[in-house]
Amino acid sequence: MSAFVRLENVSRHYDTPSGRVTAVDDVSLEVEEGEILGVIGYSGAGKSTLVRLINALELPSSGRVIVGDDELTALPERELRRVRGQIGMIFQQFNLFHSRTVAGNVAYPLRVAGVGAAERDRRVAELLDFVGLLDKAHAHPEQLSGGQKQRVGIARALATQPRLLLADEATSALDPETTADVLALLKRVNQEFGLTIVVITHEMEAIRAIADRVAVMDSGRVVEHGDVYDVFANPSTAAASRFVRTVLHDRPSASTLERLRAAHPGRLVTIPVQDRPAFTTLVARTFEQHRVGDTIVFGGISELQNRAIGALTYELTGAESDIDAALAALAADGVVTITEDAA
Ligand SMILES: Nc1ncnc2c1ncn2[C@@H]1O[C@H](COP(=O)(O)OP(=O)(O)OP(=O)(O)O)[C@@H](O)[C@H]1O
């Protein structure tokens with residue numbers, strides 16, 4: 001795979017009456033051709049600014065932005081317009097034309113691009129069929145549900161066959177079920193057309209559902225990025241860890257731990273589940289061999305990218321030296337154990 005979008009040491013600051021705001025701070029990031037990259041961060045982390053830098057609505061204060069073969073930072077305005085035309089956008093508020101029908105909305109970018117009427121009609125029908133809204137072609141946006149509106153937004157974004165799709169909080173206004181449908185549609189767009197997609201969100205669930213890789217933004221910086229499974233299984237920053245915990249409820253919170261401690265006098269140890277055959281059997285056998293009693297008191301295992309993910313919290317009972325020996329044996333087997341020290 002090769003990078004389709006490349007940001008090299010990109011910063012963007014704004015001078016405001018109350019001083020300089022650095023919205024994007026020395027970000028280096030690549031989006032591989034054909035992948036779905038999720039960019040997650042809290043409000044104010046710099047996500048929207050990042051989007052405007054990628055779709056050439058703004059230029060960085062320093063650093064380089066490269067999309068396809070074009071270095072945006074070196075192009076004249078006329079060329080930037082051409083690049084913008086190769087990037088599809090979908091938005092949280094859908095941004096549909098209320099005065100136009102569903103078909104009219106999807107046809108609009110084709111009309112702007114000078115595509116003839118017959119070809120336009122053919123393409124609109126094909127796109128509406130793809131997003132499952134052919135029967136709504138003559139409806140107006142206000143007659144549609146949120147999920148349907150976003151489907152129209154996706155059809156419209158795809159009309160001119162962009163090479164990159166930017167989804168800026170595209171599911172944030174939708175309920176969970178509709179969110180899942182729209183995300184599944186984006187995944188289908190990615191798989192059937194091989195389209196590179198950047199999903200900007202503050203919801204880790206959206207990342208879990210469709211992204212191949214994730215970049216975590218905090219205060220303008222990308223503090224962590226990597227394969228979704230790796231970041232979920234082993235977040236290395238507090239920001240990433242907080243997002244992962246919003247989706248995986250596999251580790252006890254501080255208050256849960258307090259309750260667990262009161263109910264279970266033994267040593268509480270959390271073990272992140274590894275995606276290898278008979279993992280829990282290996283753990284159980286190791287405790288048994290060391291005469292350590294093990295009771296699972298908290299945890300959860302789910303699937304991510306067809307691999308097991310999660311954690312189990314055990315209450316371990318027996319001689320302290322036996323428990324220590326069992327944990328050492330697990331460590332020798334590559335098993336991570338986290339002792340839940342008393343607060
Ligand atoms: N045009 C601008 N002028 C001044 N400050 C700006 C401008 N655009 C963004 N900022 C500031 O830059 C920081 C990052 O904003 P940005 O909108 O990129 O974050 P975000 O992660 O997209 O948040 P949200 O999800 O709330 O939009 C914020 O502190 C914001 O106030």
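Biologist: Let's kick off with I66: which residues does I66 touch, leaving out those up to four places away in sequence?

Modeller: Bear in mind that this is a predicted model. I66 sits in strand 4, which covers residues 62–67. Skip the residues up to four places away in sequence, and the contacts of I66 are R6 and E71.

Biologist: Is I66 buried, exposed or partly exposed?

Modeller: I66 has 17 C-beta neighbours inside 10 Å. Being buried takes 20 or more, while 12 or fewer would make a residue exposed. Because 17 falls in between, I66 counts as partly exposed.

Biologist: And how far apart are the C-alpha atoms of I66 and I309?

Modeller: Along the chain, I66 and I309 are 243 residues apart. In space, the separation of their C-alpha atoms comes to 35 Å.

Biologist: On to the ligand: which element gives the largest share of the shell around it?

Modeller: The residues surrounding the ligand include Y14, T16, V21, A23, K47, S48 and T49. Strand 1 (3–16), strand 2 (19–32) and helix 1 (47–54) each supply at least two residues of that shell. The largest share is 3 residues, and it comes from helix 1.

Biologist: How many of the residues in that shell are polar?

Modeller: G41, S43, G44 and G46 are among the residues around the ligand, and glycine is counted as polar here. By class, the shell has 4 nonpolar residues and 1 charged residue, and its polar residues number 7.

Biologist: Strand 2 also holds D26, I think; what is the phi of D26 near?

Modeller: Yes, D26 lies in strand 2, and with 15 C-beta neighbours inside 10 Å it counts as partly exposed. Most residues other than glycine have a negative phi. D26 isn't a glycine, yet its phi is positive, near 55 degrees.

Biologist: Where is Q305 found, given that it has a positive phi too?

Modeller: Q305 has a phi of about 50 degrees although it is not a glycine. It is partly exposed, with 13 other C-beta atoms within 10 Å. Its place is the loop between strand 12 (293–304) and strand 13 (307–317).

Biologist: Now the open sheet: which strands are its edge strands?

Modeller: This sheet has 6 strands in the order 6-7-8-3-9-10, with mixed pairing. An edge strand pairs on one side only, and that fits strand 6 and strand 10.

Biologist: Inside that sheet, which residue of strand 9 is the bridge partner of V39?

Modeller: Strand 3 (residues 36–40) pairs with strand 9 (residues 213–218) in the parallel sense, over 4 bridges. In strand 9, the bridge partner of V39 is A215.

Biologist: Helix 5 packs on this sheet, so to speak; what angle does its direction make with that of strand 6?

Modeller: Helix 5 touches strand 6 and strand 7 of the sheet. Its direction and that of strand 6 make an angle of about 170 degrees.

Biologist: Why is helix 5 described as largely enclosed, and how many of its residues are buried?

Modeller: Helix 5 (residues 146–158) reaches 18 Å from its first C-alpha to its last. Its buried residues, V152, I154 and L158 among them, pack against elements including helix 3 (102–112), helix 4 (117–130) and helix 6 (176–193). The helix is largely enclosed by the rest of the structure because, of its 13 residues, the buried ones number 11.

Biologist: Last one: what percentage of the chain counts as buried?

Modeller: The chain has 12 helices and 14 strands, and its C-alpha atoms fill a box of roughly 80 × 50 × 40 Å. Of its 343 residues, the share counted as buried is 39%.

Methods: Residues are numbered from 1 along each chain as its sequence is written. This is a predicted model: local features need pLDDT of at least 70, side-chain atom pairs count only at pLDDT 80 or more; totals for chains, interfaces and linings use all residues. Two residues are in contact if their C-beta atoms, placed from the backbone, lie within 7 Å. A residue is near a molecule or strand if its C-beta atom, placed from the backbone, lies within 6 Å of it. The expected span of a helix is 1.5 Å times one less than its number of residues. Two strands pair if DSSP finds at least two bridges between them. Axes are lines fitted to C-alpha atoms, for helices over the stretch in contact, and angles run from 0 to 180 degrees between N-to-C directions.
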